[in-house]
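I opened this notebook to record what I looked up in one structure. The entries follow the order in which I consulted the elements.

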Amino acid sequence: MADSADTSYDTLSSELDDGPAAAPEKSPVDQARIRRAVREILAAVGEDPDREGLLETPARVARMYAELFSGLHEDPRTHLRKVFTEKYDEVVLVKDISFNSMCEHHMLPFMGKAHIGYLPNGRVLGLSKIARVVEVVSKRPQVQERMTETIADLMVEELDAKGVAVVIEASHSCMTMRGVRKPGSVCVTSAMRGIFRSNLSSRSEIMTLIYGDRR
Ligand SMILES: [Zn+2]
């Protein structure tokens, strides 16, 4: 009986392990420091960090944080510089870019979708690069409002676009699993720049492109 229990524990444990390849130790994140801190938190909440089920937890959390905060060590501008010249002068919109980020107030995840549109001014960005920018900016301790504005400002600065619209919808774990506990609530933020800020009909055009089929 005890043997079979041990075997199933080992199987579970190796399934949980995301492996050494997940986040290489050459990451600039100080994983040893995170391991010590997580051990300390476990002890502080009244757990035994040396209990079998928790032995690997500090190392696992350290690798996870190295991945979740990897955007702190990356410059999103590198993706925005992969532009090409194109006469296209209508709106480009990428909808439903899914992302996960970490709320900097609670260190709990918030996740959702970003919709990013712009009106080019001779320079067009590869579509996948827009998703890359969201990825880098979301892999940092964040608040949704700043994330929205950061992406909009980066697009304006690097693309010299006539207009940029960023809308982010996200569900925050810190609202759904603690505090006010409102599961299903979604926070929507938007940042409008250039023509989408100054011109009402351009703004309503982009909002219809984003939300049109949901009304
Ligand atoms: Zn929070």
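The entries below concern a predicted model, and they go from the sheet to the helices and then to the cores.

**Entry 1: the sheet.** I began with the strand order. Five strands form an open sheet, arranged S5-S2-S3-S6-S7, with mixed pairing. I then noted the edges: S5 (141-142) and S7 each have a single partner strand, so one side of each is left without a neighbour in the sheet.

**Entry 2: strand pairs.** I went through the pairings in turn. S2 and S3 run antiparallel and are joined by 10 bridges; within this pair, Ser98 stands opposite Lys113 of S3. The hairpin of S2 and S3 has four residues between the strands, and Met107 there takes a positive phi near 55°. S3 and S6 are likewise antiparallel, with 10 bridges between them. S6 pairs with S7 in the antiparallel sense over eight bridges.

**Entry 3: Val164.** Which residues are bridge partners of Val164? On one strand I found Tyr118, whose bridge partner in S6 is Val164. In S7, the partner of Val164 is Arg193.

**Entry 4: helices on the sheet.** I next examined what lies on the sheet. H6 lies across S2 (92-103), S3, S5, S6 and S7, and its direction makes about 25° with S7. Helix H9 (residues 200-211) also packs on the sheet, where it touches S2, S3, S6 and S7 and runs at about 75° to S2.

**Entry 5: the largest core.** I looked up the largest nonpolar core, which has 30 residues. Val133, Ile151, Met155, Val164, Ala165 and Val166 touch the most other members. Among the elements that give two or more residues to this core are strand S3 (108-119), helix H5 (127-138), helix H6 (144-159) and strand S6 (163-172). I followed Ile151 further: leaving aside neighbours within four places in sequence, Ile151 is in contact with Ile116, Val133, Val134, Val137 and Val166. I also recorded a second, separate core of six residues, including Val38, Ala66, Leu68 and Met102.

**Entry 6: H2 and H3.** How are H2 and H3 oriented to each other? Helix H2 (residues 31-44) and helix H3 (residues 57-68) pack at an angle of about 130°, with axes 8 Å apart. They are therefore oblique to each other, and H2 passes H3 in a right-handed crossing. The contact involves Gln31, Ile34, Arg35, Val38 and Arg39 on the H2 side. On the H3 side I noted residues including Thr57, Pro58, Val61, Tyr65 and Ala66. Val38 and Ala66 thus appear both in this contact and in the second core.

Key
Residues numbered from 1 in each chain as written. Predicted model: local features only at pLDDT ≥ 70, side-chain atom pairs only at ≥ 80, totals over all residues. Core = buried A, V, L, I, M, F, W, Y, C linked by C-beta atoms within 7 Å. Buried ≥ 20, exposed ≤ 12 C-beta atoms within 10 Å, placed from the backbone. Contact = placed C-beta atoms within 7 Å. Pairing = 2+ DSSP bridges. Axes fitted to C-alpha atoms, helices over the stretch in contact; angles between N-to-C directions. Parallel < 35°, antiparallel > 145°, perpendicular 65-115°, else oblique. Left-handed = near helix turned anticlockwise from the far one by under 90°.
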